[in-house]
Amino acid sequence: MAWRCFFERNWPVAPVHWAFAALISGASAGPAAAADYAGPLFDAHLHYNTEAWDGRAGPHPLEDVLARMQRNGVRAIVANSRPNDGSKALAASPLTRQAGVSVVPFVRLYRDRADYDNWFRDESIYQMVLTELAAGTAAGPYRGIGEFHLYDSANANGPVAKKLMALAEDKGLVVLAHVDDVAIDLLMANTPSKGQKARLIWAHTGIGGASVARVDQLFAKYPQLVGELSYRPGLTCEGGKLCPEWRTLLLKYPTRFVIGSDTWVNQRWQYYDELMKGYRTWLGDLPPAMARGIAWDNAAGLFGMKQP
Ligand SMILES: [Zn+2]
């Protein structure tokens with residue numbers, strides 16, 4: 001039926017349809033339905049790329065993106081951008097402070113799109129990272145490196161990838177990596193502690209859908225590994241609630257998961273409200289302290305930040 005296709009197609013981005021879908025299927029939320037999580041959010045995977053705002057023009061100037069954060073209760077962000085000017089603008093603007101948003105800047109490895117496929121062997125990227133780290137931002141020193149991508153996990157052994165993993169652990173920087181489970185092992189092997197001290201946020205916790213058992217195995221193996229949950233296949237089920245096996249995994253590692261928007265294209269900014277509402281829906285179904293952990297404390301703890 002046509003309406004059914006419409007719902008399925010629109011399910012992830014249009015929560016307003018959930019209520020209607022439940023109504024026509026005869027389902028009821030019932031008196032025991034949990035309220036949405038209402039506390040502060042830490043967006044631990046945010047991009048402010050040149051397509052959104054290039055410093056002079058674009059559909060999402062600072063006022064716009066900060067208003068989106070503010071009205072969604074986002075009180076802190078891991079900011080990274082292609083090129084790094086977007087993060088630096090967020091870090092420097094008085095508007096950011098007025099919006100009550102704390103900026104945790106990361107050095108992005110991409111000056112432009114061509115760097116996506118070559119950063120792991122490009123010495124000029126390593127030099128750019130050193131230059132950025134030395135300069136810092138108006139919001140303080142950079143606290144991490146990334147997000148970076150590895151479309152072929154073997155490139156985790158590229159010469160610059162190896163040097164950056166060692167540098168990150170040496171300087172206590174957090175790494176934000178969009179990689180598969182195989183690359184997690186390879187990246188960790190390239191740190192001085194063999195992954196025991198490496199502070200790595202796994203973007204999407206495996207966007208390719210690594211099994212829950214495999215994620216569990218990696219979390220057990222690397223005590224500082226943190227999973228960021230945007231785009232994670234299989235995370236949410238009916239009504240935007242956590243799927244059972246993911247709920248079990250989150251309960252097993254309550255201090256190891258964070259949330260993020262991943263505003264990698266402008267469409268993600270347009271759906272920022274829906275993305276944050278989606279998180280609040282399933283967070284509301286967890287024990288309150290744990291919801292607060294995933295929403296705020298886990299990310300804040302990585303960077304030694306206090307409650308907002
Ligand atoms: Zn991203």
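The lining of the largest cavity in this predicted model is a mix: its residues divide into four nonpolar, three polar and one charged. Which residues line this cavity? They are Asn49, Glu51, Ala52, Thr263, Trp264, Val265, Asn266 and Trp269. How is such a hollow found at all? Rolling a probe the size of a water molecule over the atoms shows where empty space is left. Here the largest cavity holds about 30 Å³ of space, and the count comes to one cavity of 30 Å³ or more.

**Helices side by side**

Now let us follow helix 9, which spans residues 212-221. Helix 9 has contacts with helix 8 and with helix 10. The table sets out the two pairings.

| Helix pair | Axes come within | Crossing angle | Residue classes in the contact |
|---|---|---|---|
| Helix 8 (residues 181-189) and helix 9 (residues 212-221) | 11 Å | roughly 10 degrees | three nonpolar, no polar, four charged |
| Helix 9 and helix 10 (residues 244-252) | 11 Å | roughly 10 degrees | four nonpolar, no polar, three charged |

How do the axes of helix 8 and helix 9 lie, roughly parallel or roughly antiparallel? Their axes cross at roughly 10 degrees, and angles under 35 degrees count as roughly parallel. Helix 8 and helix 9 are therefore roughly parallel to each other. From helix 8, Asp181, Val182, Ile184 and Asp185 take part in the contact, and they meet Arg214, Leu218 and Lys221 of helix 9. Four residues of this contact are charged and three are nonpolar.

For the second pair, the axes of helix 9 and helix 10 also cross at roughly 10 degrees. That crossing makes helix 9 roughly parallel to helix 10. In this contact, helix 9 offers Val212, Val215 and Asp216, while helix 10 brings Glu245, Trp246, Leu249 and Lys252. Four of the residues are nonpolar, three are charged and none is polar.

**Rings that meet**

How many aromatic pairs are there? The count comes to 12 aromatic pairs. One of them joins Phe106 and Phe303: the ring centres are 5.9 Å apart and the planes stand at 75 degrees, so the pair is edge-to-face. To see why, recall that planes over 60 degrees apart count as edge-to-face. This pair links distant parts of the chain, with the two positions 197 residues apart in numbering. Phe106 sits in strand 3 (residues 102-107), while Phe303 belongs to the segment after helix 13 (288-302).

**Backbone details to look for**

Finally, try finding a few spots along the backbone. A cis peptide bond links Arg82 to Pro83, with omega at about -10 degrees. Pro83 lies in the loop between strand 2 (74-80) and helix 4 (85-92). Another cis peptide bond joins Gly146 and Glu147, where omega is about 0 degrees; Glu147 is part of strand 4 (residues 144-149). Lys194 is not a glycine, yet this residue has a positive phi of about 55 degrees. Look for Lys194 in the loop between helix 8 and strand 6 (200-202).

Conventions. Residues numbered from 1 in each chain as written. Predicted model: local features only at pLDDT ≥ 70, side-chain atom pairs only at ≥ 80, totals over all residues. Heavy atoms only, no water. Axes fitted to C-alpha atoms, helices over the stretch in contact; angles between N-to-C directions. Parallel < 35°, antiparallel > 145°, perpendicular 65-115°, else oblique. Contact = heavy atoms within 4.5 Å. Nonpolar A, V, L, I, M, F, W, Y, C, P; charged D, E, K, R; others polar. 1 Å grid on protein atoms, 1.4 Å probe; cavity = no way out; pocket = protein on both sides within 12 Å on 5 of 7 lines; lining within 4 Å. Points joined across faces, edges and corners; volume = space filled by probe spheres on them. Phe/Tyr/Trp six-rings, centres within 6.5 Å; stacked < 30°, edge-to-face > 60°.
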